[in-house]
Amino acid sequence: MQVTETLNEGLKRGYAIKVTAAELDAKVNEKLAEAQPEVEMKGFRKGKVPMALLKKQFGQKVMGEAMQESIDGAMSDHFTACGDRPAMQPEVKMTNEDWKEGDDIEVSMSYEALPDIPDVDFSTIDIEKMTVKADDAAIDEALGNLAETAQNFESRKKGSKAKDGDQIVMDFLGKVDDVAFDGGAAEDYPLVLGSNSFIPGFEEQLVGAKAGDETSVTVTFPENYQAENLAGKEAVFECTVKEVKKPVAAEIDDELAKKFGAEDLAALKGQIAERLEAEYAGAARAIMKRSLLDALDDIVDFDLPPSLVSAEAGQIAHQLWHEENPDVEGHDHPEITPTDEHTKLAERRVRLGLLLADIGQKAEVEVTDAEMSQAIMNQARQYPGQERQFFEFVQQNQQMQQQMRAPIFEDKVVDHVFEGAKVAQKEVSKDDLQKAVEALEEE
């Protein structure tokens, strides 16, 4: 077997691989010898079929396997010997397309090698970590929001018209083709206008109603309505409005705290403070991470595989095009050509991706099974009632697993770098943190 270098330019590599006819024949004989003990053929006992007959009967079939294994073996030996790591799957093709049995196999292999990545002295990196304490104003604002979600309703003045957000108490009777249907009637039913808890178009027709009004509401059931006998049909609801109530925020007291599982108001405030500070810490970490990536991008430089940059630029351009054209859901659109700006962003992403992967490998950073399971469960909650199916889908889908593992790995590597960097704590206000977050989003 011969491997001859044909290209060595930057990260681009090219090789000519020759597997001699004798080597290939030996490989075929080896595979036939392995199979011989299990072969049964008329006129011979099991395992006693002559090699010459086996070769005549199965040689052509085994030849293809032997060729592939020989080429794969040559490639594997090459990468072990030279230490190259291909950036993407190597391009391999036979160059003697008129090959016939008895000829040598000649193959060309080309790829882009991953670059050598320099070590980074993390202690030279200065990072600022913002810290924010939950002040009374922020806690009071959060309490006010909780009180609104736990709102009560109190009667409006007699003759007041119902507004969006009001609650009306009513009796109603629904009919289709002037015939009442099951589940279409209720008494003293409390309905919050604008809650979208009834059929589309129902609640809007009751805005402006007053206590004592008797009104008819005409709606059409959706085509996919769960009750097939009503799907797509027009219905008339005869409604009697008994009371109109306005929303009133709940009192901020111990009773409110108990509604949210706290022992008293002081305990609820403590829980809110912890939640707010956890949110602040998450935002501060995002800003720290961006600062770190900016620093790494400034101090580290190495050659980038053009194929990776090109693929990343294309993906960026495609994603941004769809964000600007949200009405186009599929891929039936004009060809999207990456701009210089897309390519520049792609270079940064590829550089940092390779660097973080190298740092993580050298530091032996791993994503544990427990971390993966937690990530899968967190995402499964987005599909209520289908959590088990989602979990099984991820378990059977290697690409999906990789997509979920990658950000966990990246965050663990970032934390590893933080440990070695110089991190200065800086206490700031909530507003200062918010401005920093907004600046981050605008970049």
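Start by selecting four helices in this predicted model: H5 (265-299), H6 (306-324), H7 (340-362) and H10 (398-420). Each of them supplies at least two residues of the lining of the largest pocket.

Now colour H7 (340-362) on its own. With 9 residues, H7 gives the most to that lining.

Next, display the pocket itself, which has a volume of about 1100 Å³. Its lining counts 24 residues, and those closest to the pocket centre are Glu 312, Arg 349, Gly 353, Ala 406 and Glu 410. Show these five as sticks to mark the middle of the space.

What classes of residue make up the lining of the largest pocket? Colour it by class and you will find 14 nonpolar, 4 polar and 6 charged residues.

Leave the pocket now and go to the sheet. Here 4 strands form an open sheet in the order E1-E2-E4-E3, and the pairing is antiparallel. Why is one side of E1 and of E3 left without a neighbour in the sheet? Select E1 (2-9) and E3 (91-94): both stand at the edges with a single partner strand each, so one side of each has no neighbour there. If you look along the sheet, neighbouring strands are turned by 15° against each other on average, ignoring direction.

For the last stop, zoom in on E1 together with E2 (residues 12-19), an antiparallel pair joined over 7 bridges. Strands of a sheet pair through backbone hydrogen bonds, so switch on the backbone atoms for this view. Then pick Glu 9 and look across to E2, where Lys 12 stands opposite.

Terms used: Residues are numbered from 1 along each chain as its sequence is written. This is a predicted model: local features need pLDDT of at least 70, side-chain atom pairs count only at pLDDT 80 or more; totals for chains, interfaces and linings use all residues. Side-chain values use heavy atoms; hydrogens and water are left out. Two strands pair if DSSP finds at least two bridges between them. Axes are lines fitted to C-alpha atoms, for helices over the stretch in contact, and angles run from 0 to 180 degrees between N-to-C directions. On a 1 Å grid over the protein atoms alone, a cavity is a set of points where a 1.4 Å probe fits but cannot get out, and a pocket is an open set with protein on both sides within 12 Å along at least five of seven lines; lining residues have an atom within 4 Å of a point. Grid points are joined across faces, edges and corners, and a volume is the space filled by probe spheres set on the points. Ala, Val, Leu, Ile, Met, Phe, Trp, Tyr, Cys and Pro count as nonpolar, Asp, Glu, Lys and Arg as charged, and the others, Gly among them, as polar.
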